[in-house]
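Hi there,

Here is the structure I promised to pass on to you. Have a look at it first, and my notes follow underneath.

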Amino acid sequence: MGEKRSDTKEKILSSALKLFSKKGFKETTIKDIAKEVGITEGAIYRHFTSKEEIIKSLLESITKELRHKLEVALQRGETDEEILESIVDTLIDYAFSNPESFRFLNLYHLLKEYGEVKNLPGELILKFLNGLYLKRKLKTYPEIALAVVTGSVERVFIFKERNFLDYDEETIKKELKKVLKSAILA
């Protein structure tokens, strides 16, 4: 019985993620999620108290997953340049392997409608960039460098998804790392 309940909860989260990443938070209703899963709206309320709770649950699991991947990335590489490359690789790999999750995170960051969330993945990158700034290895402020890195990855993801970029993932990563190092590293 508990296993079936857990399966249903995962199906709700998976369907909600798909809908949120395509339609947005406000435009997606509990009715839409229920229809996508193939259950009643009431069945959703046996697992979640509200749409906001579904959003919070997705946000927590996605940020935890990406944060862990970035923690690993920060341990790779012996030089600051290699660590930056590892961060970019991780972000691009995550975006292309988990497009719905990546879109969801972008929507959340753009809208910030569902409360403050602690331990966002970008905080790890910012901490690394702050260290570079203190060592005078950044051409700009850490927050600007973070915007350049994450904004570039987001835009490349969107361009690739919309077929504006006709390059394989490895070529994209190679070029993006080269451009970002040149743009932000002193």
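The buried residues of α9 are covered by partners that include α5, α7 (121–134) and α8. Please keep in mind that this is a predicted model. The helix α9 itself runs over residues 169–184, and its buried residues are I172, K173, L176, K177, L180 and I184. Looking down the axis of α9, you will find these within an arc of 125°, so they line one face of the helix. E170 and K174, on the other side of α9, are exposed.

The length of α9 works out nicely too: with 16 residues, the helix reaches 22 Å from first to last C-alpha, close to the 22 Å expected at 1.5 Å a residue. At the N-terminal end of α9 you will see D168 acting as a cap, with a side-chain oxygen 3.1 Å from the backbone nitrogen of E170.

Next comes α8, one of the helices that cover α9. Helix α8 takes in residues 142–161. Its 20 residues should span 28 Å at 1.5 Å a residue, and the end C-alpha atoms are indeed 28 Å apart. Which residues of α8 are buried? They are P142, A145, L146, V149, V153, V156 and F157. These cover an arc of only 115° around the axis, which puts them on the same side of α8. After the helix comes N163, which has a positive phi, near 65°.

Now for the way α5 and α8 meet. Two packed helices are described by the angle between their axes and the distance between the axes. For α5 and α8, the axes come within 10 Å and cross at roughly 35°, and the crossing is right-handed. From α5, the contact is made by L84, L91, I92, A95 and F96; from α8, V149, V153, V156, F157 and K160 take part. Of these α8 residues, V149, V153, V156 and F157 are also among those listed as buried.

While you are looking at α5 (residues 80–97), try T90, which sits in this helix. Is T90 buried or exposed? It is buried: its relative accessible area is 6%, and the cut-off for buried is under 20%. The side chain of T90 reaches the backbone oxygen of S86 at 2.8 Å. Setting aside neighbours within four places in sequence, T90 is in contact with K69, L70, A73 and R76.

Two other residues may be worth a click. S15 lies in helix α1 (residues 2–23) and is buried as well, with a relative accessible area of 10%. Apart from neighbours within four places in sequence, S15 is in contact with I33, E36 and V37.

Y45, in helix α3 (residues 41–45), counts as partly exposed because its relative accessibility is 44%, which falls between the 20% and 50% limits. Not counting residues up to four places away in sequence, Y45 touches I30 and S50. Y45 and I30 are 15 residues apart in sequence, and their C-alpha atoms are 9.1 Å apart in space.

If you want somewhere to begin on screen, bring up α9 and then α5, α7 and α8, which are among the elements covering its buried residues. From there you can turn to the crossing of α5 and α8.

Best wishes, and happy browsing!

Conventions: Residues numbered from 1 in each chain as written. Predicted model: local features only at pLDDT ≥ 70, side-chain atom pairs only at ≥ 80, totals over all residues. Heavy atoms only, no water. Helix = DSSP H or I, 4+ residues; strand = E, 2+ residues; numbered from the N terminus. Buried < 20%, exposed > 50% of the residue type's maximum accessible area, 1.4 Å probe, protein only. Polar contact = N/O pair within 3.5 Å; in protein donor to acceptor, adjacent residues only side chain to side chain. Contact = heavy atoms within 4.5 Å. Expected span 1.5 Å × (residues − 1). Arc of directions from axis to C-beta. Axes fitted to C-alpha atoms, helices over the stretch in contact; angles between N-to-C directions. Left-handed = near helix turned anticlockwise from the far one by under 90°.
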